[in-house]
Amino acid sequence: MAFNDYENEDSRIQDKLKQKTWNEIRTNDSWAIFKIMSEFVNGYESMARIGPCVSIFGSARTKPEDKYYLLAEKIAYKISKAGYGVITGGGPGIMEAGNKGAHRGEGTSVGLNIELPFEQHFNPYIDKDKNLNFDYFFVRKVMFVKYSQGFVVMPGGFGTLDELFEAITLIQTKKIGKFPIILVGSSFWAGLIDWVKTVMIEQEKTVSPSDMDLIKIVDTEEEVVEALDNFYKKYNLSPNF
């Protein structure tokens, strides 16, 4: 049965459990390793040919007339004109805006799609040879981090926050090298940043104050490109494209 054929998530899970014993469910996990390996191999081979880019994250629900959609498109355009490629999650909303801006700027436009029961479908602005599909979120997330020279994080939901905090954690723990993490939209991010500072840093002391230096908050496309260029000028590096 397809996902939409079930009345709710509980009925889908119950039906799945009825079809197989617990041991069968656990055994099937072993065979999933081969599917995971194939996604990693395909992702590495494809992305290695593309080269490093800047990833743009944000909500799949943002409409084309929304101010953040329009801003994301401008940012991607500016990024491509500055010589950077653009990677998005390949779907609608902010992702579409990012690919659209890169396409309009005649830059590299990459889409890392994920199979979902709703919301996700690839947008028409991805380069035809750079549209990758994934079943596993964690494989897809590795591709974002490994092949990104920077993260531009637009307003979004849980998925956007997941990517943001994953990158901060990996840099904070020195599992990956530092790269620019740019939050766009100071009014959107103000509440979260204030909570991190007042609760996590000052009150509970679960985060180091210096960790806030890992992110930069901006409001315009010019500030995004400036932040990227300033970061890489310190290391005498230039865009890859």
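This report covers salt bridges, one unpaired arginine and one pocket in a predicted model.

Residues are numbered from 1 along each chain as its sequence is written, and side-chain values use heavy atoms, without hydrogens or water. Local features need pLDDT of at least 70 and side-chain atom pairs count only at pLDDT 80 or more, while totals for chains, interfaces and linings use all residues.

**Salt bridges**

The count comes to 8 salt bridges (a side-chain nitrogen of Lys or Arg within 4 Å of a carboxyl oxygen of Asp or Glu). Three of them are listed here.

| Pair | Closest N to O | Helices |
|---|---|---|
| Glu-39 and Lys-35 | 2.8 Å | both in H2 (residues 22–50) |
| Glu-73 and Arg-104 | 3.2 Å | H3 (residues 67–81) and H4 (residues 94–104) |
| Lys-141 and Glu-166 | 3.2 Å | H5 and H6 (residues 158–172) |

Helices here are DSSP runs of H or I with at least four residues, and strands are E runs of at least two, numbered from the N terminus.

Glu-39 and Lys-35 sit 4 residues apart, about one turn of the helix. Glu-39 is buried at 4% relative accessible area (buried is under 20%, exposed over 50%, partly exposed in between, with a 1.4 Å probe and protein chains only). Lys-35 is partly exposed at 34%. Both residues also belong to a network of salt bridges with Asp-135.

The other two pairs join separate helices. Glu-73 and Arg-104 tie together parts 31 residues apart in sequence. Glu-73 is buried at 12%; Arg-104 is partly exposed at 44%. Lys-141 and Glu-166 tie together parts 25 residues apart. Lys-141 is buried at 13%, and Glu-166 is partly exposed at 29%.

**Arg-140**

Arg-140 lies in helix H5 (residues 137–146). Arg-140 is buried yet has no salt bridge. The nearest side chain of opposite charge (Lys and Arg positive, Asp and Glu negative; His and chain ends not counted) is Glu-163, 4.6 Å away. A polar atom of the Arg-140 side chain lies 3.3 Å from the backbone oxygen of Gly-89.

**The second largest pocket**

This pocket (an open set of points on a 1 Å grid over the protein atoms alone, with protein on both sides within 12 Å along at least five of seven lines) holds about 260 Å³ of space. Its lining has 16 residues, each with an atom within 4 Å of a point. Pro-180, Asp-213, Lys-216, Ala-227 and Phe-231 lie nearest the centre. Strand E6 (181–184), strand E7 (215–218) and helix H8 (221–233) each give two or more residues. H8 gives the most, with 5. The lining divides into 9 nonpolar, 1 polar and 6 charged residues.

Notes: A polar contact is a pair of N or O atoms within 3.5 Å; within protein, one must be able to donate a hydrogen and the other to accept it, and residues adjacent in sequence count only if both atoms are side-chain atoms. On a 1 Å grid over the protein atoms alone, a cavity is a set of points where a 1.4 Å probe fits but cannot get out, and a pocket is an open set with protein on both sides within 12 Å along at least five of seven lines; lining residues have an atom within 4 Å of a point. Grid points are joined across faces, edges and corners, and a volume is the space filled by probe spheres set on the points. Ala, Val, Leu, Ile, Met, Phe, Trp, Tyr, Cys and Pro count as nonpolar, Asp, Glu, Lys and Arg as charged, and the others, Gly among them, as polar.
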